[in-house]
Amino acid sequence: MKQWFERMGRVFSNLHIDVEQVEVTGWPWNTTVFVKWRANARLLDGQSSYVNRGVHVFKLRWGKVYSIEEYFDSQAAERSLAIQARAGLDEAAAGPIVS
């Protein structure tokens, strides 16, 4: 996760994320957290913006995350990464980070 967030910060250096809603359900040994968000960033071509909305679903056990699901517009992310790469940011074209 740390590598993913570090890369996100380098590729979209002016990224702004608004958390719109957080819902928590369950018990300490089996908690589910839903986070609804909206993100935007100005892109390096000087004309385009990255705009996206999504939901992350975190599963926790005793306060520690053990799984994450993410739902967002992957095509909007792909288009924005392509613009960043064309502007000379090679890391925007890098392969996915896997664990």
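**Group meeting: a walk through the predicted model**

T31 is buried, at a relative accessible area of 11%. I start there on purpose, and I will come back to its neighbours in a moment. One caution before that: this is a predicted model.

So where does T31 sit? It lies in strand 2, residues 30-42. Its side chain has a polar atom 2.6 Å from the backbone oxygen of W27. Now the contacts, leaving aside neighbours within four places in sequence. T31 touches V24, T25 and G26, and also F58, K59 and L60. Those last three, F58, K59 and L60, have numbers that fall within strand 3, which runs 49-61.

Let me step back to the whole chain. How many helices and strands are there? Two helices and four strands. Along the sequence the order is α-β-β-β-β-α. The C-alpha atoms fill a box of roughly 45 × 30 × 20 Å, taken along the principal axes. The chain has 99 residues, and 25% of them count as buried. Take the contacts with a separation of 6 or more: residues 24 or more positions apart account for 43% of those. The exposed area is about 7,100 Å², with carbon and sulfur atoms supplying 55% of it.

Next, H56. This histidine lies in strand 3. Is H56 buried or exposed? It counts as buried because its relative accessible area is 16%, and the cut-off for buried is under 20%. Look at what surrounds it. Setting aside residues up to four places away in sequence, H56 touches V33, F34, V35 and W37, along with I68, E69 and E70. One of those partners gets a closer look: the side chains of H56 and E70 are joined by a polar contact of 3.1 Å. For a sense of distance, take V11. H56 and V11 are 45 residues apart in sequence, and their C-alpha atoms are 20 Å apart in space.

Stay with strand 3 and move past its end. W62 is in the loop between strand 3 and strand 4. What is odd about its backbone? W62 has a positive phi of about 50°, although it is not a glycine. Most residues other than glycine have a negative phi. W62 is also exposed, with a relative accessible area of 61%.

Now the second helix. S80 is found in helix 2, residues 74-86. S80 counts as buried, at 4% relative accessibility. Which residues does S80 touch, beyond those up to four places away in sequence? F12, L43, S49 and Y50.

Last stop, the surface. M1, W4, F5, V65, I68 and I97 form a nonpolar patch there. Together they have about 560 Å² of accessible area. Which elements supply at least two residues each? Helix 1, residues 2-11, and strand 4, residues 64-72. M1 comes from the segment before helix 1. M1 counts as exposed because its relative accessible area is 60%, and exposed means over 50%. You have met I68 already: this patch residue is also one of the contacts of H56.

To recap the buried side chains on the tour: T31 in strand 2, H56 in strand 3 and S80 in helix 2. The exposed ones were M1 and W62. If you open the model, try the H56 and E70 pair, with its polar contact of 3.1 Å. Then turn to the patch formed by M1, W4, F5, V65, I68 and I97.

Key
Residues are numbered from 1 along each chain as its sequence is written. This is a predicted model: local features need pLDDT of at least 70, side-chain atom pairs count only at pLDDT 80 or more; totals for chains, interfaces and linings use all residues. Side-chain values use heavy atoms; hydrogens and water are left out. Patches are made of residues with over 30% relative accessible area and no salt bridge: like charges are joined within 9 Å, nonpolar side chains (Val, Leu, Ile, Met, Phe, Trp, Tyr) within 5 Å. Accessible areas come from the Shrake-Rupley method with a 1.4 Å probe; for residues, only the protein chains shown count as cover. A salt bridge is a side-chain nitrogen of Lys or Arg within 4 Å of a carboxyl oxygen of Asp or Glu. Buried means under 20% relative accessible area, exposed over 50%, partly exposed in between (1.4 Å probe, protein chains only). Contact means heavy atoms within 4.5 Å. A polar contact is a pair of N or O atoms within 3.5 Å; within protein, one must be able to donate a hydrogen and the other to accept it, and residues adjacent in sequence count only if both atoms are side-chain atoms.
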